[in-house]
Amino acid sequence: MKTLLLTTVLLLQVTIFYGNSAPGVRLEANAIDKNSGQALEYVAVTLLDANLNYVKGFLSTVNGHFSLNGLAYGNYFLKISNTGYEETIIPLEISQDVTDVVLGPITLQPQGKNCLKTKKQVPAIVVTVAEK
């Protein structure tokens with residue numbers, strides 16, 4: 001009886017551990033500044049499907065690296081953005097014969113000096129919390 005219980009517990013742990021690893025394609029890249037070549041911290045990365053619908057969003061690491069596991073086959077757009085930089089959109093076609101997609105460094109172009117002057121100013125939003 002103890003052997004059966006121990007075997008069941010071990011199988012459950014293995015299933016939980018390996019069940020969290022997503023099957024599919026692994027996507028990996030680094031985001032860098034186009035002018036300096038320096039890595040960009042915490043770049044916003046958004047994966048969109050072929051119809052530009054949101055699939056997943058996440059941030060790069062402090063050294064600009066990002067990866068996504070478990071990507072299904074199909075067509076996507078990878079949107080990369082960071083404050084003070086122009087947004088970059090990269091089309092991706094993931095075919096069935098691919099297991100890893102390693103993109104070269106993705107360069108982001110800094111916005112011009114006058115970029116803040118051309119942005120639309122929006123009024124501040126004030127949130128008031130009522131006490132109970």
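Two residues are in contact when heavy atoms lie within 4.5 Å, and this criterion underlies the contacts described in the legends below, which refer to a predicted model.

**Figure 1. Overall fold and contacts of the chain.** Of the contacts in the chain with a separation of 6 or more, 56% are made by residues 24 or more positions apart. The chain comprises 2 helices and 8 strands, and along the sequence these elements follow the pattern α-β-β-β-β-β-β-β-β-α. Of the 132 residues in the chain, 22% are buried, while the exposed area of the chain comes to about 10000 Å², with carbon and sulfur atoms supplying 57% of that area.

**Figure 2. Surroundings of D33 in strand β1.** D33 belongs to strand β1, which covers residues 25-33. Although D33 is buried, it has no salt bridge, and the nearest side chain of opposite charge, that of K34, is 9.5 Å away; this distance lies outside the 4 Å cut-off for a salt bridge. The side chain of D33 does, however, make a polar contact with the side chain of Y85, at 2.6 Å. When neighbours within four places in sequence are left aside, the residues in contact with D33 are Q38, L40, Y85, L108 and P110, so that Y85 appears both in this list and as the partner in the polar contact.

**Figure 3. The aromatic pair of F58 and F66.** A search of the whole structure finds 1 aromatic pair. This pair is formed by F58 and F66, whose ring centres are 6.1 Å apart and whose planes make an angle of 55 degrees, an arrangement described as tilted. Both F58 and F66 are buried.

Technical notes
Residues numbered from 1 in each chain as written. Predicted model: local features only at pLDDT ≥ 70, side-chain atom pairs only at ≥ 80, totals over all residues. Heavy atoms only, no water. Phe/Tyr/Trp six-rings, centres within 6.5 Å; stacked < 30°, edge-to-face > 60°. Buried < 20%, exposed > 50% of the residue type's maximum accessible area, 1.4 Å probe, protein only. Helix = DSSP H or I, 4+ residues; strand = E, 2+ residues; numbered from the N terminus. Areas by Shrake-Rupley, 256 points an atom, 1.4 Å probe, with all protein chains shown as cover. Lys, Arg positive; Asp, Glu negative; His and termini not counted. Polar contact = N/O pair within 3.5 Å; in protein donor to acceptor, adjacent residues only side chain to side chain.
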